[in-house]
Amino acid sequence: EGTISFKDVRFHYDPDRPILKGIDFEVPAGRTIAIVGPSGAGKSTISRLLFRFYDVTGGSVEIDGQDLRDVTQESVRHAIGMVPQDTVLFNDTIAYNIRYGRPAASDEEVREAARMAQIHDFIEKLPKGYASEVGERGLKLSGGEKQRVAIARTILKSPPILILDEATSALDTHTEREIQSALDEVSQNRTTLVIAHRLSTVVNADQIIVLEAGRIAERGTHTELLDSG
Ligand code: ADP
Ligand code: ADP
């Protein structure tokens, strides 16, 4: 479950300006694809089409062989988890933030998700900078810690498809390394689409496509792309 197909996908926000000019790729269930390219190439647009925030203007996007235009937006979004590079937290405990969208989740499930994302030590804390009276429960979260809250939320949601947006990640290398194991954990057995600026950050993807101005300029594994220069 979770096979993604883009078939000759074309898209424009404005009819005078095509953004995606015929994008073809398939990600078998459980595999990882990385979409790499400069700012403005159309990477985020691909993830928005997958979420069905917009419909394609040509070609089709399919999940498990089903055209997204034939399914509800709600069911599509239910199947996809997103770990954005910049997570905005609610003014409530970390546990609340992890549980958000999953009110029926048990405390045990929340703790387990927090453990996998390595934030179990502070799930009763409040993210500082939001509450005015947080007192000693207030905790200033780093960018990496906030991202781990998003990872824990995604683990709890347990969607078959995952989007990791690393493109504008402001994380330093140390933090990046720290959250890598949590990311590996969450992408395990899920179809994963990684959005990134640089080839160097997507070494483990099963396939990589390099997007330039709405077209696939190159595709292959990390090694193949390095060999081709
Ligand atoms: P990337 O993620 O690779 O940086 P995007 O998919 O965000 O690229 O954007 C691709 C192009 O589409 C850019 O030129 C951008 O300015 C344009 N674009 C993005 N969102 C919109 C929008 N909502 N309306 C009009 N143009 C947009
Ligand atoms: P659910 O209740 O199934 O979690 P939501 O509608 O709350 O559904 O969210 C579905 C997914 O869409 C979530 O993983 C969320 O992170 C993602 N999402 C929501 N809004 C946006 C957005 N503007 N851009 C990117 N991803 C989003």
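Helix α1 is largely enclosed by the rest of the structure, because six of its eight residues are buried. In this predicted model, the buried residues of α1 are Lys 43, Thr 45, Ile 46, Ser 47, Leu 49 and Leu 50. The helix also has a part in holding a ligand in view here, since α1 gives the most to the shell around ligand 1, with four residues. Just after α1, Arg 52 takes a positive phi of about 60 degrees.

**Surroundings of ligand 1**

- The shell around ligand 1 consists of 13 residues, and the closest of them are Arg 17, Gly 40, Lys 43, Ser 44 and Thr 45.
- By class, five residues of this shell are nonpolar, five are polar and three are charged.
- Two side chains approach oxygen atoms of ligand 1 through an N or O atom: the distance is 2.5 Å for Thr 45, and 2.6 Å for Ser 44.
- Gly 42 takes part through its backbone, where an N or O atom lies 3.0 Å from an oxygen atom of ligand 1.
- On its own, ligand 1 has 570 Å² of accessible area, and the protein covers 66% of this.
- Two elements, β2 (17–27) and α1 (43–50), are those that give two or more residues to the shell around ligand 1.

**Surroundings of ligand 2**

- Around ligand 2 are Phe 51, Phe 53, Arg 77, His 78, Ile 80, Gly 81, Met 82, Arg 102 and Lys 157.
- A polar atom in the side chain of Arg 102 is 3.0 Å from an oxygen atom of ligand 2, while an N or O atom in the side chain of His 78 lies 3.2 Å from an oxygen atom of this ligand.
- Met 82 contributes a backbone N or O atom, which lies 3.2 Å from an oxygen atom of ligand 2.
- The protein buries 53% of the 560 Å² that ligand 2 exposes when taken alone.

**Nonpolar cores**

- The largest nonpolar core has 36 residues, and the members that touch the most others are Ile 94, Ile 98, Ile 119 and Ile 151.
- At least two residues of this core come from each of β3 (32–36), α3 (94–99), α4 (107–116), α5 (143–157), β9 (161–165), α6 (173–187), β10 (191–196) and β11 (207–212).
- Helix α5 supplies the largest share of this core, with six residues.
- When neighbours within four places in sequence are left aside, Ile 98 is in contact with Val 110, Ala 113, Ala 114, Ile 119, Ile 123, Val 149, Ala 152, Arg 153 and Leu 156.
- Another core lies apart from the one just described, and its 30 residues include Ile 19, Leu 20, Phe 25 and Ile 35.

**Two buried polar residues**

- Asn 97 lies in helix α3, and this residue counts as buried because its relative accessible area is 0%, where buried means under 20%.
- Not counting residues up to four places away in sequence, Asn 97 touches Leu 89, Phe 90, Asp 92, Pro 127, Val 149 and Arg 153.
- Ser 60 is found in strand β4, which spans residues 58–63, and its relative accessibility of 10% is why Ser 60 counts as buried.
- The side chains of Ser 60 and Glu 62 are joined by a polar contact of 3.4 Å.
- Beyond residues up to four places away in sequence, Ser 60 touches Ser 5, Phe 6, Lys 7, Val 9, Asp 67 and Arg 69.

**Positive phi angles**

- Most residues other than glycine have a negative phi, and the residues described under this heading depart from that pattern.
- Asp 8, although not a glycine, has a positive phi of about 45 degrees, and its place is in strand β1, residues 4–14.
- With a relative accessibility of 33%, Asp 8 counts as partly exposed, because that value falls between the 20% limit for buried and the 50% limit for exposed.
- Gln 118 is likewise not a glycine and has a positive phi of about 60 degrees; Gln 118 lies in the loop between α4 and β7 (126–127).
- Gln 118 has a relative accessible area of 37%, and therefore counts as partly exposed.

How values were computed. Residues numbered from 1 in each chain as written. Chains lettered and ligands numbered in written order. Predicted model: local features only at pLDDT ≥ 70, side-chain atom pairs only at ≥ 80, totals over all residues. Heavy atoms only, no water. Near = heavy atom within 4 Å. Polar contact = N/O pair within 3.5 Å; in protein donor to acceptor, adjacent residues only side chain to side chain. Areas by Shrake-Rupley, 256 points an atom, 1.4 Å probe, with all protein chains shown as cover. Nonpolar A, V, L, I, M, F, W, Y, C, P; charged D, E, K, R; others polar. Core = buried A, V, L, I, M, F, W, Y, C linked by side-chain atoms within 4.5 Å. Buried < 20%, exposed > 50% of the residue type's maximum accessible area, 1.4 Å probe, protein only. Contact = heavy atoms within 4.5 Å.
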